[in-house]
Amino acid sequence: MPPEGLSETEVEIDGEPQSLVLRRHGDVLKAWLNVCPHAGRRLDWAPGRFLVDQGRLVCAAHGASFEMERGECVAGPCKGASLVAVAVTVDAA
């Protein structure tokens, strides 16, 4: 399991390298593509470094704010859009 909070990892999806935002809250792990739906840029301001304001993930490029349960944009230029969720499993091995 990644550390509590937000982190970033690189994975291969459909043969292409992708950056994921991981959010661990207790035993719950969620993942989204590390891509803002507003302009297609990464959400982190430096690799694996994310802005959080009032419990929301904030896009470092344009300030869009995403709630961290569903990945929905609740403020900013892409309000109403959502991050692309990625199914993840934790391998205990």
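**A tour of the strands**

Select residues 56-58 and 65-66: these are strand 5 and strand 6, an antiparallel pair joined over two bridges. Keep in mind that this is a predicted model. Now pick Val58. Across from Val58, in strand 6, stands Ser65.

Widen the selection to the whole sheet around this pair. The sheet is open, has four strands in the order 4-5-6-7, and pairs in the antiparallel sense. Colour residues 51-53 and 73-75 next. These are strand 4 and strand 7, the edges of the sheet; each has a single partner strand, so one side of each is left without a neighbour in the sheet. If you display backbone hydrogen bonds, recall that strands of a sheet pair through them, either parallel or antiparallel.

Go back towards the N terminus. Select residues 5-13 for strand 1 and residues 16-25 for strand 2. Nine bridges hold this pairing, again in the antiparallel sense. Click Glu8: its bridge partner in strand 2 is Val21. Then move to the turn. The hairpin of strand 1 and strand 2 has two residues between the strands. One residue to check there is Asp14, with a positive phi near 50 degrees.

Next stop: Asn34. Asn34 sits in the loop between strand 3 (28-33) and strand 4. Is Asn34 buried or exposed? Its relative accessible area is 2%, under the 20% cut-off, so Asn34 counts as buried. Show what surrounds Asn34. Leaving out residues up to four places away in sequence, Asn34 touches Glu8, Ser19, Leu20, Val21, Arg41, Arg42, Leu43, Asp44 and Phe50. Glu8 and Val21, the bridge partners from the previous stop, are among these contacts.

Now zoom out to the full protein chain. How many helices and strands does it have? The count is zero helices and seven strands. The radius of gyration is 13 Å, close to the 12 Å that the globule rule gives for 93 residues, so the chain is as compact as a globular protein of that length. Along its principal axes, the C-alpha trace spans about 40 × 30 × 25 Å.

Switch on the surface. The chain exposes about 5,600 Å², and carbon and sulfur atoms supply 49% of that area. Of the 93 residues, 31% count as buried. Colour by charge to finish. There are 9 positive and 13 negative charges, and their mean positions lie 9 Å apart.

Methods. Residues numbered from 1 in each chain as written. Predicted model: local features only at pLDDT ≥ 70, side-chain atom pairs only at ≥ 80, totals over all residues. Heavy atoms only, no water. Pairing = 2+ DSSP bridges. Rg over C-alpha atoms; globule rule 2.2 N^0.38 Å. Buried < 20%, exposed > 50% of the residue type's maximum accessible area, 1.4 Å probe, protein only. Areas by Shrake-Rupley, 256 points an atom, 1.4 Å probe, with all protein chains shown as cover. Lys, Arg positive; Asp, Glu negative; His and termini not counted. Charge placed at Lys NZ, Arg CZ, Asp CG, Glu CD. Contact = heavy atoms within 4.5 Å.
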